[in-house]
Structure formats: structure tokens, C-alpha cells
Amino acid sequence: MPLWRPQHLSLRHGLRPLADPRGLLGGVDAANPVVHREAAGRLHPQGAARLEPL
């Protein structure tokens with residue numbers, strides 16, 4: 001189960017990340033923001049710069 005930190009469910013139900021010593025789960029996930037063209041024009045310039053690909 002992917003866990004987002006901090007997440008109230010993790011604390012409330014004692015969820016924890018699984019140990020993966022063999023690397024079978026594929027490592028750390030990456031997120032890609034998606035912004036509609038119309039919304040992109042309303043972003044603050046500094047926020048838009050942070051969304052640019054690295």
C-alpha cells in the first residue's frame with residue numbers, strides 16, 4: 001500500500017511502509033504534476049518554474 005506522509009490513516013491504524021530488501025516493489029515512486037493549459041496561465045511564476053521538468 002503506498003503511504004503518504006503525514007497521513008492520518010498511517011497514525012490511526014498503525015500502517016507502515018513494507019521492508020523490501022530484494023527491491024521487488026520497484027523502489028521510490030515519482031509523481032508527475034498535470035496542469036491544464038488554461039490553469040497554467042494563472043499560476044504564480046515561481047510556482048510555474050517549480051513545475052518545469054528537472
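A nonpolar patch on the surface of this predicted model is formed by Val 35, Leu 43 and Leu 51, and its area is about 210 Å². One of its members, Leu 51, belongs to helix α3, which covers residues 45-51. Leu 51 has a relative accessibility of 40%, so this residue counts as partly exposed; the class lies between buried, under 20%, and exposed, over 50%.

The patch can now be placed within the fold as a whole. The protein contains 3 helices and 0 strands, and its elements follow the order α-α-α from the N terminus on. Helix α3, the element that holds Leu 51, has the highest mean pLDDT among the elements, at 85. The lowest mean among them, 76, falls to helix α1, made of residues 8-13.

Turning to the surface overall, the accessible area of the protein amounts to about 5800 Å². Carbon and sulfur atoms account for 58% of this area. Of the 54 residues, 2% count as buried.

A word on confidence rounds off the picture. The mean pLDDT of the protein is 77, and 85% of the residues reach a score of at least 70. Where pLDDT is low, the predicted coordinates should not be read in detail. For the nonpolar patch, it is helpful to recall that Leu 51 sits in helix α3, the element with the highest mean pLDDT.

How values were computed:
Residues are numbered from 1 along each chain as its sequence is written. This is a predicted model: local features need pLDDT of at least 70, side-chain atom pairs count only at pLDDT 80 or more; totals for chains, interfaces and linings use all residues. Side-chain values use heavy atoms; hydrogens and water are left out. Patches are made of residues with over 30% relative accessible area and no salt bridge: like charges are joined within 9 Å, nonpolar side chains (Val, Leu, Ile, Met, Phe, Trp, Tyr) within 5 Å. Accessible areas come from the Shrake-Rupley method with a 1.4 Å probe; for residues, only the protein chains shown count as cover. A salt bridge is a side-chain nitrogen of Lys or Arg within 4 Å of a carboxyl oxygen of Asp or Glu. Helices (H or I, at least four residues) and strands (E, at least two) are DSSP runs, numbered from the N terminus. Buried means under 20% relative accessible area, exposed over 50%, partly exposed in between (1.4 Å probe, protein chains only). pLDDT is the predictor's confidence in each residue, from 0 to 100.
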